[in-house]
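Me: Before I rely on any of the labels used for this model, I would like to see how each one is justified.

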Amino acid sequence: MKVLHLGPLWFPVSRDAAGGRETWLAGLITALEKLGVRNTLIAAGDSVTPAELVPVIPKNLVALMKEGSAWEAAYYEQHQLMLACDRLAEFDLVHSHLSPGVFALPGHVLHTQHTPVWGDFQWFVKHHPDL
């Protein structure tokens, strides 16, 4: 099985990341690799992973924002989505850890929601139950 993971860009995906999603994803990819799953991760370029890493940006957004070379996350996430779309046909499954902005991504996509489920999200699912 081949899985394309879309990791958050805020921090590098690594076992000792500052972000919870990034740490969790690093552990998941390591466990899947041990099971023989071939993984590709589209994330910040300073991520540490056994997966094939496709960097969206050279380093995480928090670092880029601190140095004054990035200001808004949405454009980087949209670039990440475009990179994913270019490679969708190569994978059996896409596992997204991104914002609801990628819920319309076509194909076999597992969206892991790392935040509380508010009424807005419930409304969206009601109107798009097939996603």
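The exchange below takes the labels in turn and sets each value against its definition.

Reply: This is a predicted model, in which local features need pLDDT of at least 70 and side-chain atom pairs count only at pLDDT 80 or more, while totals for chains, interfaces and linings use all residues. Residues are numbered from 1 along each chain as its sequence is written, and side-chain values use heavy atoms, with hydrogens and water left out.

Me: What makes a stretch of the chain a helix or a strand, and how many of them are there?
Reply: Helices are DSSP runs of H or I with at least four residues, and strands are runs of E with at least two, numbered from the N terminus. The chain has four helices and five strands, and their order from the N terminus is β-α-β-β-α-α-β-β-α.

Me: How do you know whether the radius of gyration agrees with that of a compact globule?
Reply: The radius is taken over C-alpha atoms, and the globule rule is 2.2 Å times the number of residues to the power 0.38. For 131 residues the rule gives a value near 14 Å, and the chain has 15 Å, so the two agree.

Me: Why is the contact between Glu52 and Arg87 called a salt bridge?
Reply: A salt bridge requires a side-chain nitrogen of Lys or Arg within 4 Å of a carboxyl oxygen of Asp or Glu. The N to O distance between Glu52 and Arg87 is 3.1 Å, so the pair qualifies. Glu52 lies in strand S3 (residues 52-55) and Arg87 in helix H3 (residues 73-87), so the salt bridge ties together parts that are 35 residues apart in sequence.

Me: What makes Arg87 part of a network?
Reply: Arg87 also forms a salt bridge with Glu90, with the closest N and O atoms 2.9 Å apart, and Glu52, Arg87 and Glu90 are thereby linked in a network of salt bridges.

Me: Why is Arg87 called buried or exposed, and how are Glu52 and Glu90 classed?
Reply: Buried means under 20% relative accessible area, exposed means over 50%, and partly exposed lies in between (1.4 Å probe, protein chains only). Arg87 has 18% and is therefore buried, whereas Glu52, at 39%, is partly exposed, and Glu90, at 35%, is also partly exposed.

Me: Which salt bridge does Lys59 form, and how exposed are its two residues?
Reply: Lys59 pairs with Glu67, the closest N and O atoms being 2.8 Å apart. Lys59 has a relative accessible area of 30% and is partly exposed, as is Glu67 at 47%.
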